[in-house]
Amino acid sequence: MSSSSVVVSKEESSNSSSHENESEDGKKYVNQKKTSTKETTSKREGSRFSCIHNCFWFIGCVYSIWCLLFFLYNAKLTGPSPDLSPGVRLRKEGLVAKHPVVLVPGIITGGLELWEGHSCAEGLFRERLWGGTFGEVYKRPLCWVQHMSLNNETGLDPDGIRVRPVPGLVAADYFAPGYFVWAVLIENLTRIGYEDKNMYMAAYDWRISFQNTEVRDQTLSRIKSNIELMVATNGGKKAVVIPHSMGALYFLHFIKWVEAPAPMGGGGGPDWCAKHIKAVMNIGGPFLGVPKAVSGLFSSEAKDVAVARAIAPGVLAKDLLRLPLQHLMRMTRTWDSTMSMIPKGGDTIWGGLDWSPEEGYNCNLKKENRNSYQVVDQNGTASEGCTTRMAHYGRIISFGKDVAEADPSEIERSDFRDALKGHNLANSTCDDLWTEYQDMGFAGIKAVADYKVYTAGSVIYLLRFVAPKMMKRGDAHFSHGIADNLDDPLYDHYKYWSNPLETKLPNAPDMEIFSMYGVGIPTERSYIYKLTPTSDQCYIPFQVDTSADSGKEEASCLKGGVYTTDGDETVPVVSAGYMCAKGWRGTTRFNPSGIRTYNREYDHAPPNLLEGRGLKSGAHVDIMGNFALIEDVVRVAAGATGEELGGDQVHSDIFKWSEKINLRL
C-alpha cells in the first residue's frame, strides 16, 4: 500500500469522523429542540386548566390516598374478631329479632343518584353523584355542582335535572369505600336474625325540606306504609325506629305528619304512633340545632376549612379554596334541609350576651374525671361539674376577639336590620360565582360587621339579611322559636313539626324515646369572625378569624377562632340531650302523655390500630360503630326497655346545664 493511499484513507476517516460528530451534534440539537418544544407546549397546555380544576384534581389525589389508608385501617387484620361483636355475643345469650327496625339516615350520609341531567352529565344515568367514589366530582366539578343544586326559588328540581335517593340498605351503609355509616349496625342486627323483611332503610333526599320529600317523592307515605306492613307481617310487634343526625328531626316531622289529617298530613289519626312504634332511638340528634349550621350558611365554613385557610393562606385561601367555597355556598344554600339545623329556642336555650348553659365548661377536663357514669331516674339530677374561666358561648358570632370577651355594657353596635344595602356591579361580572352577598354591596357588609355580636336569637335576622332568598324558602318550611300555646291552631302547620319546642309528642304513653350521643370531644359552639381582606366583588366577605386564640391557657375553649364545648364533634350536648333530660322528661307541655325518655351518652375513646374505627368512638358518624351503642340498639330491638338497659347513662353535665335553661314546661 502506497503512502498516498494511507493519507487518503486517514483523510476519509477523519472526514467520516467529522461527519459523524456533526450528525451526533445535530441529533442532540434536534432532541434538545424537541424537548424544549414539548416543555413549552406542556406549559401552555397546563395554563389552560382553571383554578377549580386544579383544586378538584388535588382533592382527588388526597382522597385516593385517604381511601387507601381507610382500606388498610379497616382491614380484618386490624379489626376486632367477629366473635367479639355485640350481635354474636347477644345471640349466644339467646336474643333474637323481635321488633321491626326502621333506619333513618341523616344529612350528607345518604347516597343520591342521577335519573335525568344535562349534556355535561352524559353517561351518568343512575350513577351516584353523592356517596360512593365521588369520581365524577373530580372529572366534572362544575357539572356536578350544577346537578347537586336545587332550584333557588322552589327548593325542588331545576329544569331538566332529577337526582333521587338511592333505595334500600345500600343507601347509607357506606358513605365512601372503607368509610362505614350504617354497615356495622346492620351487620350486628343480622346476627340475631334481621333481614330485609323486618329491617328497612327510610332513604330520602336529604337536600330538600322535609315536607317537600312528600310533595315530590311521597317519602313520608312510603315510610308510613312500610312501617304498617312490617308491623302487620311481624305479628303486630311495634317498630323500633333508629334515626341518625338530621334523621332525628326528619322523623320528628314524620310523627306529626302521620297523625295529621290529609292533605297536609298522612291521615293516620291520633293513635297511629301508639299502635305502631315501640321506641325511637335517636343517635346524635341535633334536636335544638347546631351552631355549625350558622357558620356553614354564613360563610360556608366549619372549623376544618378555617384551619386549612390558616395553614396555607397564600395557596388554599386564594387559589384552591376560595373559588370552590363560593361554588359550595351557591350549592348548599339551595339545600333547604340545612335550615332545619339552625339553632332553635333563641337566647332561652343557647344563651345571650352574658350567659349560656355551658358557661364555665373546662375544655381540658381530665379523662379520669369522666370515666364513670351516673344512673338517674326520670326525675333525677346530676352532680355539679368542673368549672373554670367563663367563655361567652351565647355569642354565636362575634366580630373580633375583643368583642367576644368584652362586658356586654362595653359593646357598642348599630342595628344592621335598618341598614340600606349598597350596590355594586358584581351581578354582571360574577357569572356562576354569584351569591346573595353580591346584592348587599359594601354598605350592607359593613353594617353586618358593625352589629358586632350575634346570639341565637339574632342569627335568624342575620341570615335573613345576608341570604333573603334562601331564608324566604326556609321560613316557609321551618321555624326556630318557642311556642307560647301549643294548642293554638297555628302550630298545626308543617313548618313547626320538626321543632321540639313548637310541637307536642304523640299520645303514646307506652312509647320510649332515647337520646344517644357521644361526649368528650371539642364541639363547635361559637365563632370569631373578621371581614375578608380583598377588593374582589365576587368573594365571600366574612371568614372565621383563625388568629383568635387563647394561647397556652389550659382551661380555655378558644382555638383558631372557634369556641368549643362538650359534644360529639358536630352536635353540642345541649342540643342532643336537653329534650330527653328536661324538655320531654316526665309529663310536660311538650310531652303531655308522659312518654318515658332516656339519655344514653357514650364517652369518646380514640381508636387504635388493633381495634378499628369507631369501636369506642363518640364522634358523630364513627359512633355508629360503637359497640356499646350497638348493644343498646340490638337489645331494644330484641324487646328490652329503657329501664332494662339501666336507665340514663350520663358522663356530661347535661342535667346541670338543663337546669340553667329557664323554659316553661
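Helix H21, spanning residues 573–583, is a good place to start in this predicted model. Here 11 of the 11 residues are buried, so the helix is largely enclosed by the rest of the structure. The buried set runs from Val 573, Val 574, Ser 575 and Ala 576 through Gly 577, Tyr 578 and Met 579 to Cys 580, Ala 581, Lys 582 and Gly 583. A lysine, Lys 582, is among them. What sits over these residues? The cover includes two helices, H15 (346–350) and H24 (654–660). It also includes the strands S12 (512–519), S16 (562–567) and S17 (596–603).

Stepping back to the whole chain, the secondary structure adds up to 24 helices and 17 strands. Of the 665 residues, 55% count as buried. The accessible surface comes to about 28300 Å², and carbon and sulfur atoms account for 54% of it. Contacts also reach a long way along the sequence: taking those between residues at least 6 apart, 77% join residues at least 24 apart.

How confident is the prediction? The mean pLDDT of the chain is 84, with 76% of the residues at 70 or more. Over residues 37–49, though, the pLDDT is below 50, and beyond near neighbours in sequence this stretch has one contact in the model. Residues 366–388 also have a pLDDT below 50, but that stretch has 49 contacts beyond near neighbours in sequence. Where pLDDT is low, the predicted coordinates should not be read in detail.

Next come pairs of packed helices. Such a pair is described by the angle between the two axes and the distance between them. The axes of H6 (residues 183–191) and H22 (residues 627–637) come within 10 Å and cross at roughly 40°. That angle makes H6 oblique to H22, and the crossing is right-handed. On the H6 side, the contact is made by Val 184, Leu 185, Asn 188 and Leu 189. On the H22 side, the residues are Ile 630, Val 633, Val 634 and Ala 637.

Ala 637 of H22 deserves a second look. With 0% relative accessibility, Ala 637 counts as buried. Which residues does Ala 637 touch, leaving aside neighbours within four places in sequence? The list is Lys 98, His 99, Val 101, Leu 189, Tyr 194 and Val 240. Leu 189 also belongs to the H6 side of the helix contact. Ala 97 lies 540 residues away from Ala 637 along the chain, yet their C-alpha atoms are separated by 6.8 Å.

A second helix pair is H19 (residues 456–466) and H20 (residues 468–477), which pack at an angle of about 125° with their axes 5 Å apart. Once again the angle counts as oblique. From H19, the contact draws on Ile 460, Leu 463, Arg 464, Phe 465 and Val 466. From H20 come Pro 468, Met 471 and Asp 475.

Finally, there is Arg 216 in helix H7 (residues 210–217). Is this arginine buried or exposed? Its relative accessible area is 15%, and the cut-off for buried is under 20%, so Arg 216 counts as buried. Beyond neighbours within four places in sequence, Arg 216 is in contact with Leu 156, Asp 157, Val 163, Arg 164 and Pro 165, and also with Asp 205, Arg 207 and Ile 208. As for Asp 205, it is 11 residues from Arg 216 in sequence and 9.8 Å away in space, C-alpha to C-alpha.

Note on methods:
Residues are numbered from 1 along each chain as its sequence is written. This is a predicted model: local features need pLDDT of at least 70, side-chain atom pairs count only at pLDDT 80 or more; totals for chains, interfaces and linings use all residues. Side-chain values use heavy atoms; hydrogens and water are left out. pLDDT is the predictor's confidence in each residue, from 0 to 100. Contact means heavy atoms within 4.5 Å. Helices (H or I, at least four residues) and strands (E, at least two) are DSSP runs, numbered from the N terminus. Buried means under 20% relative accessible area, exposed over 50%, partly exposed in between (1.4 Å probe, protein chains only). Accessible areas come from the Shrake-Rupley method with a 1.4 Å probe; for residues, only the protein chains shown count as cover. Axes are lines fitted to C-alpha atoms, for helices over the stretch in contact, and angles run from 0 to 180 degrees between N-to-C directions. Angles under 35 degrees count as roughly parallel, over 145 as roughly antiparallel, 65 to 115 as roughly perpendicular and the rest as oblique. A crossing is left-handed if the near helix is turned anticlockwise from the far one by less than a right angle, and right-handed if clockwise.
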